[in-house]
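Student: I have a model open and want to go through it by question and answer. Where do we begin?

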Amino acid sequence: MKRWLSCVAVAALVLGQGSWASAQQIADPIPYPPVKSMQQGTRLQVPHGKLMRVEALASYNEPDWVKNLVAEGKLPPVKDRLPEKPIIVDTSSVEGTGVYGGVLRHVTGSRPQGWNWMAGLSLGSGTLDELLTMCLVRSGPSWMLTPDKVEPLPQLATSWNWSADGKQLTMELLRGAKWSDGDPFDADDIMFMWDDNISDTNVPAWVRPGAFGQGTKLEKVDAYTIRWTFQEPFPVPALFQMSFRKVCPGPSHVLKPLHPKYNKDTTYDAYVNSLKPEKMPWVTMAPWTVVRYQPDQMMVLRRNPYFFEVDEKGNQLPYLDEVQYKLSSWEDRIVQTAAGSADYANLEDALTFLETLRRAQAPEFPNKISWGPRSLSWRVDLNLSKTCGVQNERDKAVRELNRTFEFRRAVTHAMDREALGQSLVRGPFIVPYAGGLHLETDFGEPSMIVYYPYDPKSSKALLAKLGFEDTDKDGIVNWPKQSPLAGQNLELSLVYTSLHPMAVALAESVSTMMREAGIRTILRPVNQLVTTVTDRCQWDLVIDRGYRDFQVPVANLEALAPITTQTPQWHRGTSEAPQQLLDFEKELVQTLDAVRSTQDSKARNELLRKYNQIATKNIYHVGLVSVPAAIVINKRFKNVPPGAPVLAYQWGEENIMRERLWVAQSEQGKAVELLPRVVPGIQ
Ligand code: CA
């Protein structure tokens, strides 16, 4: 029974003329059509060692009002608050040395759950998490690195060295750095995170040790040195795992006394929730920290006088004294930014592009709009799993069909990607997407794409070749008679989220195009993320948006092929029953294994292109359209790097490097500081 499809294919081949004639009608792949980037001018490119370096300078500077606090004896001198060697951030590649003062006003739809980040609480999505948690390394600004060395940048770890066999990575930490309350930062903070949070399964941490490779160990060498030991040599992607969301410690001097291992009078639940949002100021290593929290209204962050970065002239960063987060809604973010009462938004929804650009033509429009690469893409996944969520004969037959190359090819030839794009928004924004890795990346080139053109005749011929025929003449092909579903119409569920207007629009168009090929789709909108459905594997087709995984694959390899039993989304297994790999998937896994253990970024890029050729040739999923996104930021900010993407290793707010933004003195009055001259923890 399981082999019925291949039997059909063989039968069709030996039947002779008729089948050969239909085989000849199938369109060949064509070169991927040339597309024009939305980015204006050239994308900023800066060498790794220039963007950030770790070095002591002869002298340091800070805002005059902070100098006054030092003179009053309320703070130690700036040189004693900085690490022995601060991180020096380049400003010469952008608009240069800034002046102190000014406010950055964000609007967010999220709310802080509490400050115990290490226990899996969010301090606030919409990049408040990223702003408040400093990690071993930093990946956000890696998008602007020159291709010779695309690696994470220093943050709490200032340098790292691989052992000769590549199985040990020794990291030097920021020597002499301090938390925002003045307490010393050292390896004990990292070890408290690793031993008592990441490795303690009673704590619902963001990550577990397995994320760094099975069997990975971390040990303290001395107060400012830690050492990783891996099972595999040179796992460079593990380095990216040490950036945001993964190894970002909280202050052990605050949290250890609240942890059940060190405090017999408490529980894990109490530990997780021990730091309510009302408890201020939050102790951090970040450029700013929260000093005021008004539920559902506002959070005010003020400069951390112990922050460990300076500019080339020794001016302690950040330049801006205050960051505000208005606690509102996501819709309100773009509305207020367009109106000039907030300063930053990501323009991601193609259905709003034209209206925003129309408003941007008015001279009083307060923002610059900076288009990044097409780093968001929509696709149809076909469920390839034979081991997860298969409940009956029908599911079995559908999964077998999805696993058949000719069927995936029939679906891909049915997609008119040009029409799909233009139906969403007219103009140059949206381009066809073949699936796989994004073209507009530092490694992307058209030759890595095998592109199957829109050709409904090919779809019909392929379905006929597989034995599907519309026996009851209702316009939908029927399953072949050898199939357990013999005679039934070919009907597949199509899952999508109703939360995203683009997903709704695409689902309707895809359904129409599938119908034209003779396949009926049953629309299954969910009013939450599609992962709520895909995690349980009970779906046939799903429309989803890919982003970071296809834009910066080296940091997300597990999303691309069955490297783990849970991934990729369209081919999940279970821990008891791992995936049954298709032949080309074995090649994909091998290629990604090679990526994982290749140190040289050029060689890694070559391998990623190879991955993409195999994936697109075999139609691993069905690409629909690639969509650009733009950063919308108030014109008064300087040092916004040209071509900053809304999404790369991290979201746009982190990609622009907020700590080096500045506002000319004459423009600082346009946004009002709510807590002038306040420093966290100082009265
Ligand atoms: Ca029919």
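Student: At what angle do helix 15 and helix 17 pack?

Tutor: This is a predicted model, where local features need pLDDT of at least 70, side-chain atom pairs count only at pLDDT 80 or more, and totals for chains, interfaces and linings use all residues. Residues are numbered from 1 along each chain as its sequence is written, and side-chain values use heavy atoms, with hydrogens and water left out. Helices (H or I, at least four residues) and strands (E, at least two) are DSSP runs, numbered from the N terminus. Axes are lines fitted to C-alpha atoms, for helices over the stretch in contact, and angles run from 0 to 180 degrees between N-to-C directions. For helix 15 (residues 417-424) and helix 17 (residues 501-517), the axes are 11 Å apart and the angle is about 145°.

Student: Which residues of helix 17 make the contact with helix 15?

Tutor: Contact means heavy atoms within 4.5 Å. Helix 15 brings Ala419, Leu420, Ser423 and Leu424. From helix 17 come Met502, Ala505, Leu506, Ser509 and Met513.

Student: Helix 15 lies across which strands?

Tutor: Helix 15 runs at about 40° to strand 21. The strands that helix 15 lies across are strand 17 and strand 21.

Student: What is the strand order in the open sheet of six strands?

Tutor: Two strands pair if DSSP finds at least two bridges between them. Pairing in this open sheet is mixed. The edge strands, each pairing on one side only, are strand 17 and strand 19 (520-526). The order is 17-21-16-20-18-19.

Student: How many bridges join strand 18 to strand 19, and do they run parallel or antiparallel?

Tutor: Thr497 stands opposite Val526 in strand 19. Strand 18 and strand 19 are joined by seven bridges, and they run parallel.

Student: Which residues coordinate the calcium ion?

Tutor: Donors are N, O and S atoms within 2.8 Å of the metal (3.2 Å for Na, K and Ca); water is not among the atoms, so sites may look incomplete. The coordination distances here are 2.1 to 2.5 Å. In sequence the donor residues follow the spacing D-x1-D-x1-D-x1-I-x1-N-x10-N. They are Asp470 (OD), Asp472 (OD), Asp474 (OD), Ile476 (O), Asn478 (OD1) and Asn489 (OD1).

Student: What is the geometry of the calcium ion's site, with its six donor atoms?

Tutor: Ideal angles are 90 or 180 degrees for six octahedral donors. Four donors count as tetrahedral if all angles lie between 85 and 135 degrees; four count as square planar and six as octahedral if opposite donors are over 155 degrees apart and all others between 65 and 115; anything else is irregular. The angles among the six donor atoms are 78 to 170°, and the site is irregular.

Student: Is Asn489 buried or exposed?

Tutor: Buried means under 20% relative accessible area, exposed over 50%, partly exposed in between (1.4 Å probe, protein chains only). Asp472 has 42% and is partly exposed. Asn489 has 16% relative accessibility, so Asn489 counts as buried.

Student: Where does Ala434 lie, and which residues does it touch?

Tutor: Ala434 is in the loop between strand 17 (431-432) and helix 16. Its relative accessibility is 12%, so Ala434 counts as buried. Not counting residues up to four places away in sequence, Ala434 touches Ile449, Val450, Tyr451, Thr616, His621 and Gly623.

Student: Which residue takes a positive phi in the hairpin of strand 6 and strand 7?

Tutor: Strand 6 (residues 157-162) and strand 7 (residues 168-173) run antiparallel, joined by five bridges. Five residues sit between the strands. The residue with a positive phi, near 75°, is Gly166.
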